Amino acid sequence: MSQARHPGLKLGHEHDPGSGEVEALVFGFWIFMMSDLLIFGCVFATYVVMLPQVADGPSAAELFHLRGPLIETTLLLASSVTIGFALLETKHRADKRRTTLWLAVTFLLGAGFLFSSTHSLLGHLENGAGPSRSAFLSAYWLLVPLHALHVAIGCLWIAVAAAQVRIRGFDWVTTGGLLRLSIYWHFLDIVWIGILSVVYLGAMI
Amino acid sequence: MSLTDFIDALTGRMTLEALPFWKMVQNPTPENIVNGAIATGVAAILVLAAIAVLALLTYFRLWRTVWFDWLTTVDHKKIGIMYIVLSFVMMLRGVVEANFMRANQAVGFDGGFLSADHFGELFTTHGTIMIFFVAMPFLSGVINYVLPLQIGARDMSFPVTNAIGLALTASGAMLVMASLLFLPFSIGGWTGYPPFTGKEYSPDVGPNYWIWAVTLSGLGTTLTGINVACTVYKKRCPGMDFWKMPMFVWASVTTAILMIFALPPLTVATAMLALDRYLDFHFFTTDAGGIPMLYANLFWLFGHPEVYILVLPAFGVWSEVFATFSGKTLYAYRTLVWATLSIAVISFLVWVHHFFTMGQSAGMNAVFGIATMLVGVPTGVKIYDWLLTMYRGRVRITTPMVYALGFVMLFVIGGASGILLANPTIDYQVHNSVFLVAHFHNMVIPGTLFGMLGAYSFWFPKAFGFMLDDWWGKLGASLWIVGFMLAFFPLYAVGLLGLPRRSVAYSEAAYTPYTVVAMLGALVVLAALGAMFWQLYVSIRNRDALNVYAGDPWDGRTLEWSISSPPPVYNFAVGPEVFARDAFWEEKRAGHAYQIPDQWEDIELPANSWLAPILFFSSFTLTFGLVWHMWWLVILSLLVVVGALVARSFVIDRERTIPADVVREEHLRWLKAVREAPSAPRELEVAPGNWGRPQSEAGVPE
Ligand code: HEM
Ligand SMILES: [Cu+2]
């Protein structure tokens, strides 16, 4: 069972003292992501069930436009690329400055995403499309902010990870952390694609 | 801000009415006095018990031990023990509550002595506690203790996460306890169905307690599930492929997978209910398009797999117990594995049977009814496997075996009543009656609870190095069996006669004889608990005579019996390698047990961590603040939680090393003790004089 195998970049060397630990940590984290995915699964299912439950409020088609979500999609997809660069730097150069730089860019893109999505949520609130208006809007206000909350936690994590790289350099604890951070970040991308398709594109049909 | 504003912000929604005696003092009607006196008495007992514990710890100067050896530990064995202690404490409360309910119903013809609200709180806390804070911690504790030993590992994959899982579960339990001092708890049942638990119909804080207690327990359980699954995948010792894992390990990993898949729907359901209550969302309300049935679906999408989370570890325990005390290898091991896995899969396909009467089509009901009956097949297979394990074995009746035999007989009866209920046409007649109460207690007490108590009697000598007194143990087990039958068999009958569940009172005199017998049964169960506590006391007193330091009191088959009792912190002086399923048994048969290793190495263990106790306190204050809308407390606690997690990620030194010399010395001392221990024939197994060194039956032809 010494064969270290997991999907994702291999950041350390085969015979690093901590490689077994990282291996288990990453595997455990995949399972954790799976359970988080189930949470989103239940929330997506709720959203779909609630689509017709608009009461006297606006429906999805009346409410949503594609401009904001497309900007958010661009920001988030770009941030997945930049976090990938951060990991490549870690693997090939182990250069603290470059890795943290890419992490900083990722952080900014994430913050931009949060800004844009908060902006549109506040807009809905002003138009009387808050969560109390109808069951449909409740479901919307669960799904999209839940994802945004994940992004916010991800941003905090990026900041902490960057600080660790600066302070500790690239030992197996920080590189293992970076690996899990990137899994998490890509996961948020996938969930977002789900939101874009089900919520926003779905509303256009 | 004026003073009153300030106090309001400080206390949130808490007023003097939260105190258990307030209503009785303000409005002393007879009913209020009876209920208030009971609530106040219980609260007083709780406070006194807490003070007594604190005082004793101070008097015996145990605080350092408590902090360094227990609260901050990440050792899977100690975490396991703490889980089980928590479970016993909560069990005491759950059984006492059950006795109050049974007493009330025994005199419930035209009104008992409890108010409807008080009765409602009792069945809600009883159900919630028994499921989330008795059964779940017990099985998590047993898995934690036993599993790493059985797979030859030094610890779980994520020791700190393990401690956090316990911390979250314990703070959930503490929240339920706090509701004894600051009333009220929910009266919405352990299922917490909206719209009743929504804010329109339950504007008080009761359901908040329920929501956060269950959420904490659910998060802790998810972490445990991830940890167990990862441990089984990654930490098995060399040679232990999947088909050499002990059956208990199979049961545990299947349970873990169920935990990972089943808990998310519960988390989502309680979170949505919380949003409805706190932020005026409309998921489950009756207006604005809310769909209360969605809650029922989500809850039981969790709830049905949950009952298999409860029972599968017990099945694992039985597999070990029957094999060990029959001196035979488990019959049809592979079949049992497949049966376990099929149960896990089917358990996700049957949830609708919990609400056959709530409006879906007859066709839908038929599909789910048939799926439900299918579960009986793999379960039946298991029962036969256990019986055939005993067949032609030299069966020894020890305390774990008394539980096991009680289980086999009673569980089959409970299963049969389940098959009846799986038929929607029958369910229409008896649903929501105490027939159902009889059915699920018939599964969960002989199944889960006996399994856990059997595990406790079976592995206690491993954990503490001395046997539990057998006579008191058998008395306790017999009282459990008899008490269970008295308490619940009458409910089948009176359920068919029509007594609805959750009834504080009834108007049919014919019910009374049954409820009286059921009350006697509950008293017998209370006596069973008493016998168990007395057994513990007697055994601790006689611990020198009952000593089994040599480690193998039951002529065991798997790796945990191949080391000393109690095991050293690092479990195995030298990592074991296995060549057979009954690894230790085969070693004994071949005469290879207890060999002196020729190499010793330093052992690295994870160091203690402050994280779990910090999260324990802060998640309690966080949820307590949420219950009572004390927002300052919520914000403060959140800051502590996040701060602690971030700070922890910067902690560098996380290992401590046990030098090879120390390991060598400890191990040789133990081997010497093994050699010097008189080896006991099986007739002396349960008597003082066992010493943990059996005249093994391994090698004697089966
Ligand atoms: C030890 C002996 C026990 C006794 C005497 C007992 C008694 C009772 C009684 C009187 C009720 C209320 C029945 C009603 O609604 O009319 C009840 C409900 C319940 N019990 Fe037990 N019980 C025992 C053990 C357990 C255990 C071990 C579990 C689970 C592990 C459990 C889980 C439940 C649940 C889930 C409910 C339903 C609560 C609700 O209605 O929401 N009980 N029990
Ligand atoms: Cu079920």
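1. Starting with the domains of chain B: the assignment splits the chain into domain 1 (1-61) and domain 2 (62-609 + 654-684). Bear in mind throughout that this is a predicted model.

2. On how these two parts sit relative to each other, the centres of domain 1 of chain B and domain 2 of chain B, taken over C-alpha atoms, are 32 Å apart. Their contact draws on 19 residues of domain 1 of chain B and 16 residues of domain 2 of chain B.

3. Now the interface itself. About 1600 Å² is buried between domain 1 of chain B and domain 2 of chain B, and 70% of that falls on carbon and sulfur atoms. On the domain 1 side, the residues losing the most area to domain 2 of chain B are B:Asn35, B:Leu46 and B:Leu57, which together make up 29% of what that side buries. As for salt bridges across this interface, the count is 0.

4. Over to the metal site. Which protein residues hold the iron atom of ligand 1? The protein donors are B:His126 and B:His441, each through NE2, at 1.9 to 2.0 Å from the iron. Both histidines, B:His126 and B:His441, are buried.

5. Why call the arrangement around this iron octahedral? Because the 6 donor atoms subtend angles of 88 to 179° at the iron atom of ligand 1, and the octahedral label asks for opposite donors over 155 degrees apart with all others between 65 and 115.

6. One last point on the same pair: B:His126 belongs to helix H6 (residues 116-150) of chain B, while B:His441 belongs to helix H15 (residues 434-464) of chain B, so the two histidines tie together parts that are 315 residues apart in sequence.

Note on methods. Residues numbered from 1 in each chain as written. Chains lettered and ligands numbered in written order. Predicted model: local features only at pLDDT ≥ 70, side-chain atom pairs only at ≥ 80, totals over all residues. Heavy atoms only, no water. Donors = N, O, S within 2.8 Å, 3.2 Å for Na, K, Ca; no water. Tetrahedral: all angles 85-135°; square planar, octahedral: opposite > 155°, others 65-115°. Helix = DSSP H or I, 4+ residues; strand = E, 2+ residues; numbered from the N terminus. Buried < 20%, exposed > 50% of the residue type's maximum accessible area, 1.4 Å probe, protein only. Domains from an automatic or database assignment. Contact = heavy atoms within 4.5 Å. Buried area = accessible area lost by both parts, 1.4 Å probe. Salt bridge = Lys/Arg side-chain N within 4 Å of Asp/Glu carboxyl O.
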